[in-house]
Amino acid sequence: MNLKTVLILLVLALATIFALVCVLLTRGVKPASCEPQPLSSQGGKHSDQSLVFADLTPEEMGQVVRYLQRSLGVPLVDAYNANPSDNCIYYIDVQIPTKAEVLGFLDRGGRRPPRQALAVVYFGNQPDPNVTEYVVGPLPKPTTHQDITVQKYGGKLPYHRRPVLGKEYEQIETFLRKKALSTAPTFLHQVFNYDGTSFVSLTSAPRGFQSGDRSTWFALFHNVSGYFLHPVGLEVLVDHSSLDVSHWRVRKVFYNGQYYGDLVQLESEFKQGRVKVAPVTRAPPDGGFSSMQPRAAPRAPFPLQYEPHGPRYSVRNNQVVSQAWSFAFGVNVNTGMRLFDIRFKGERIVYEISVQDATSVYGSNCPGGMSTRYMDGSFGIGRLTYSLVQGVDCPYSATYVDTHYLVETDTPEKHKNSICIFEQNTGSPLRRHYSNLQSLYYGGLTNSALVLRSIATLGNYDYVWDFIFYQNGAIEAKVQATGYMTSSFLYGDGLDYGNRVGDHTLGTVHTHSINYKVDLDVGGVNNTLVAHDMAFESVQAPWSPEHQIQRPRLTKAVLDTEDKAAFRLHSNMPRYIYFAANSENKWGHQRGYRIQIISFTGEHLPEASLMERAISWGRYKLAVTKRKEEEPTSSSIYNQNDPWTPTVAFADFIDNETIVNEDLVAWITTGFLHIPHAEDIPNTVTVGNGVSIFLRPYNYYDIDPSIHSPDGVFFSREQDSSACEVNHIACLSKSASCLPILPPFTYDGFQNLTRL
């Protein structure tokens, strides 16, 4: 009998012993059911009122498309195949009713607001091409549409501001391959052994230097797995501003530190021996060092978590309800996750919390890199939210929810299992104390939290978006970055702009900034912004006047105008800033919720930049303004391709209005500086690359509400801590089954892919 056979028999024997132990442990004891318990026994109740915030259903999307096709009076081409000179529907999303309408319905028994859709239409086939936004309704069978473009933006939307369609990217790829690159056959063959398919391009943005420009630098990479790490040193500036694709042309070419008028000139100078060549070995199909294939075989399974008695939360329609929390959720096509009507123990804390935009500003000595300022909302954070992998992206036993979109197509698409909800045990106590003085006891509470998660893949980067709800009434909005860095070709003074991570690969320095909208309603709609901090004061010791004591004291201030409530990104800010209610807790303090920001942002784009106003929300780590329906978002999808005349300039929101006893909104920026390094290969890990904002109760309650959690543990020295009636954790071995019943593994992430 050889060693391999012996090992196999040993593993089988151990598995059999383990199974027998499980049977013995659970014999005579009813195992815990992993099926969800009735919600009434869990503490919360669902309400169909949450549907006032619900995303559109596929059926509603289809109805809107059919209505527009017969009502706009112009031919509409399916955006999937639309040329720039065509009319098409870009996307359709739900139109959230005004807050006054919603609160009248939710809180005062008013009528349900009519359900409506927002439709964005490209009109390329007319004398004055433009983008028009319509509100269409009522649903499910629309009968009217209203052009809200001028009302919403103060004017028409010029056509050059439109986000680039997948079809346009495909046409650019075809232009590069068939027209542009074909003019430099000798150079491409001798330097790259180019075969017509060995390159893939990556867009930069914005696309020029002034309003109306639509010229984009496309950097070329080897067409392999993880191509973001395989630049070849060739970049092409394509002018695709004309609505006639046949008029597109190359404006400039960059290769290995040198600029050329076009590829014809590069070919000519190469033949004359005047091109400095940097030989690049073609990467293997799996990418080699960029491959995410594991370098080790699987061994013992990684730890899993499961609910011994099934989930302690419930999901119905667009609402999540747990023992303490309830909220409505949805996904905006452009900006991703958004939550509404967040309540703790039945009391609304937040009306809305939503992602507004995410930007990345790059540095490089290559043109594509140095000109890149991505505004991810323009590419579609929500539409690029794909299927989640059980056991990796989320706990295996999480609840998974599908999302539906109608973007760049006339047919709704489903991204299966693209949102997950789960309760996690963080592995640490929320609070605890071991008393070894006077009375002897232990008291503690596990830090279990309810999590709503989605993950958006925007080209190279993956953003993990979490909304986390804690037992003490705190809310955390967290984002973690992973995926691939975007690299530049390493030449010349490249190391001034990042670190070398491959033979010809420069990991380029860049920033990540994320902006959130937080509409807190603390004890009601009208709030005041209050700042608490500390300062040292020198006083004479009352018992010894000849000596001084430096003692910290509490400082207090009401921030009564928008200007006072706007804190620059790297300025000092009071460490306790909170929304104060018009009510007091038991101890006479204004009830409040504090805003706490966890961030290590890089520098904001200098205001001298002509495009800075398009991302001017990034000037501020926190800005609190009076809530206005006409200021619904801090950014716009149209800012990316015309940042020089931004459609929405957040800086204009701050105009020194009074914010005392008003309905207030906090606009919060968090982010981090990323200087790529060797350990970002093959791609960036989430550890250390996460930032968040916390909303924490501050005198909102009379005591910590988590003291009422049924998960608490307490026993004294006089008690038997192993007895079930004393310590419920001691019963786990009797009440929990050996292994949870796991659903079969499925994954549908390779369906309905969005083109970039």
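**Close-up views of a predicted model**

**View 1. The annotated active-site residues.** UniProt, in an unreviewed entry, places the feature "active site" at Asp376 and Tyr461. These residues span 86 residues in sequence, yet no two of their C-alpha atoms are more than 10.3 Å apart, so they gather at one spot. The structure shown in this and every other view is a predicted model.

**View 2. Asp376 and its surroundings.** Asp376 lies in helix α9, which covers residues 376-379. Is Asp376 buried or exposed? Its relative accessibility is 6%, and because buried means under 20%, Asp376 counts as buried. Apart from residues up to four places away in sequence, Asp376 touches Asn334, Asp357 and Ala358. Ile381, Leu458 and Tyr463 are also touched by Asp376.

**View 3. Tyr461 and its surroundings.** Tyr461 belongs to strand β20, made up of residues 461-469. With a relative accessible area of 2%, Tyr461 is buried. Which side chain makes a polar contact with the side chain of Tyr461? The partner is the side chain of His510, at 2.8 Å. Neighbours within four places in sequence aside, the residues in contact with Tyr461 include three histidines, namely His510, His512 and His674. Also among them are Tyr362, Ala456, Ala481, Thr482, Tyr484, Met485 and Thr684.

**View 4. Gln356 in strand β15.** Gln356 is part of strand β15, which runs over residues 347-362. The relative accessibility of Gln356 is 5%, so this residue counts as buried. What does the side chain of Gln356 reach at 2.9 Å? It is the backbone nitrogen of Ser634. Ser634 also appears in the list of residues in contact with Gln356, which leaves out neighbours within four places in sequence. Others in that list are Thr335, Asn515, Tyr516, Lys517, Pro632, Thr633, Ser635 and Trp667.

**View 5. The crossing of helices α6 and α7.** Helix α6 holds residues 185-192 and helix α7 holds residues 263-271. The axes of α6 and α7 come within 8 Å and cross at roughly 65 degrees. On the α6 side, the residues that meet α7 are Pro185, Thr186, Phe187, Gln190 and Val191. On the α7 side, they are Leu266, Glu267, Phe270 and Lys271. Sorted by kind, the residues of this contact are five nonpolar, two polar and two charged.

**View 6. A sheet of five strands.** The strands of this open sheet follow the order β6-β7-β8-β9-β10, and their pairing is antiparallel. Which strands stand at the edges? They are β6 (199-203) and β10 (258-260); each has a single partner strand, so one side of each is left without a neighbour in the sheet. On average, neighbouring strands of the sheet are turned by 25 degrees against each other, direction ignored.

**View 7. Strand β8 within the five-stranded sheet.** Strand β8 consists of residues 231-239, and nine of its nine residues are buried, so β8 is largely enclosed by the rest of the structure. Strand β7 (residues 215-222) pairs with β8 in the antiparallel sense over six bridges. Strand β9 (residues 249-255) is also antiparallel to β8 and is joined to β8 by six bridges. Val236 in β8 is the bridge partner of Phe218. In β9, the bridge partner of Val236 is Val253. Leu237 stands opposite Lys252 in β9.

**View 8. A sheet of three strands.** This open sheet has the strand order β22-β24-β23, with antiparallel pairing. Its edge strands, β22 (487-489) and β23 (498-500), each pair on one side only. From one strand to the next, the twist averages 35 degrees. How many bridges join β22 to strand β24? There are three, and the two strands, of which β24 covers residues 505-508, run antiparallel. Ser487 stands opposite Gly507 in β24.

**View 9. Met573 in a loop.** Met573 sits in the loop between β28 (566-568) and β29 (576-584). Leaving aside neighbours within four places in sequence, Met573 is in contact with Asp533, Phe567, Ile597, Lys621 and Leu622. Trp325 is 248 residues from Met573 in sequence, and their C-alpha atoms are 30 Å apart in space.

Terms used:
Residues numbered from 1 in each chain as written. Predicted model: local features only at pLDDT ≥ 70, side-chain atom pairs only at ≥ 80, totals over all residues. Heavy atoms only, no water. UniProt positions renumbered as here; feature names shortened; annotations may be inferred. Helix = DSSP H or I, 4+ residues; strand = E, 2+ residues; numbered from the N terminus. Buried < 20%, exposed > 50% of the residue type's maximum accessible area, 1.4 Å probe, protein only. Contact = heavy atoms within 4.5 Å. Polar contact = N/O pair within 3.5 Å; in protein donor to acceptor, adjacent residues only side chain to side chain. Axes fitted to C-alpha atoms, helices over the stretch in contact; angles between N-to-C directions. Nonpolar A, V, L, I, M, F, W, Y, C, P; charged D, E, K, R; others polar. Pairing = 2+ DSSP bridges.
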